[in-house]
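The following exercises examine helices, a nonpolar core and a pocket. Please inspect the sequence and the structure before reading the solutions.

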Amino acid sequence: MATAKTPKVKMTLTRLLNEIKLAKARLEKKQNEDIKYFDVMSGGKLKTYNSEETMKSTVTAHFQSIKDLTNLIDKYKSLLLNANNTTKVTIKGKEYTISEAIAKKEMVIGEQSFVKTIRRQLQQAEVSVQNANNQAENNLNEMLKQQLSKDKKTDVADMESVTKFFRDSNKTTLIDAGGAKKYLEDKEVEIEEFLSDIDFSLSEINSKTEVEIA
């Protein structure tokens, strides 16, 4: 009589990732249990355990649980790594393995940090320009008040000429000789679109791809 085959268990990558997370939490909890690995004997009695047999069975079972959980995590991670290295996913029209996509995401997040630095510099420079121009305008207004307060007829044409000359001479502008602002604008859009697409695509492929659990 033929022996019935054990049905193969399949698990999606999403479930596998969750199982790894749970197993790690269980391992951490097990490692932090209040287990006495050593004891002292005085007058023929152990301080913590009732007997050496009890100590042996307790500690041995504890070590075995840790070993089993560690092996389970290694097994699941190996399955995940194999799936990630062979399963393809398309991000913004380009095909990657899941591993390549994850690596690309890490690189893009690094670019995002760089772009934030440029954005912060731009904002600081714009504030500096605005403050300088505001101060120049205040100085101009003060100068015009002094001119108007003098006991002589004001020549409108002269005042307009002085105002134009002062503004032209004291105007502060933002210089972007290297095209950083255009780079910034393009990169921000590119990064936002990529990160949005990759998160959705990875979530989708992980929920569809299954691995066999031996």
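**Exercise 1.** Determine in which element Thr163 lies, and whether Thr163 is buried or exposed.

*Solution.* Thr163 lies in helix H4; helices (H or I, at least four residues) and strands (E, at least two) are DSSP runs, numbered from the N terminus. The model is predicted: local features need pLDDT of at least 70, side-chain atom pairs count only at pLDDT 80 or more, and totals for chains, interfaces and linings use all residues. Residues are numbered from 1 along each chain as its sequence is written, and side-chain values use heavy atoms, with hydrogens and water left out.

Next, the relative accessibility of Thr163 is 13%, so Thr163 counts as buried (under 20% relative accessible area; exposed is over 50%, partly exposed in between, with a 1.4 Å probe and protein chains only). Finally, when residues up to four places away in sequence are not counted, Thr163 touches Leu140 and Leu144, where contact means heavy atoms within 4.5 Å. Both Leu140 and Leu144 are among the buried residues of H3.

**Exercise 2.** Compare the end-to-end reach of H3 and of H5 with the expected spans.

*Solution.* The expected span is 1.5 Å times one less than the number of residues. For H3, with 52 residues, 76 Å is expected, and the first and last C-alpha atoms are 75 Å apart. For H5 (residues 180-208), 29 residues should span 42 Å; the separation of its end C-alpha atoms is 41 Å, which agrees.

**Exercise 3.** Identify which element gives the largest share of the largest nonpolar core.

*Solution.* A nonpolar core is a set of buried Ala, Val, Leu, Ile, Met, Phe, Trp, Tyr and Cys residues joined through side-chain atoms within 4.5 Å. The largest has 25 residues, and Phe194, Ile198 and Leu202 are among those with the most contacts inside it. H5 supplies the largest share of this core, seven residues.

The buried residues of H5 include Phe194, Ile198 and Leu202. An α-helix has 3.6 residues a turn, so residues three or four places apart point the same way. Leaving aside neighbours within four places in sequence, Ile198 contacts Ile91, Ala101 and Lys105.

**Exercise 4.** State which residues line the largest pocket, and which element gives the most to the lining.

*Solution.* The lining consists of Ile118, Gln121, Leu122, Ala125, Leu174, Ile175, Asp176, Ala180 and Lys181. On a 1 Å grid over the protein atoms alone, a pocket is an open set of points where a 1.4 Å probe fits, with protein on both sides within 12 Å along at least five of seven lines; lining residues have an atom within 4 Å of a point. H3 gives the most, with four residues.
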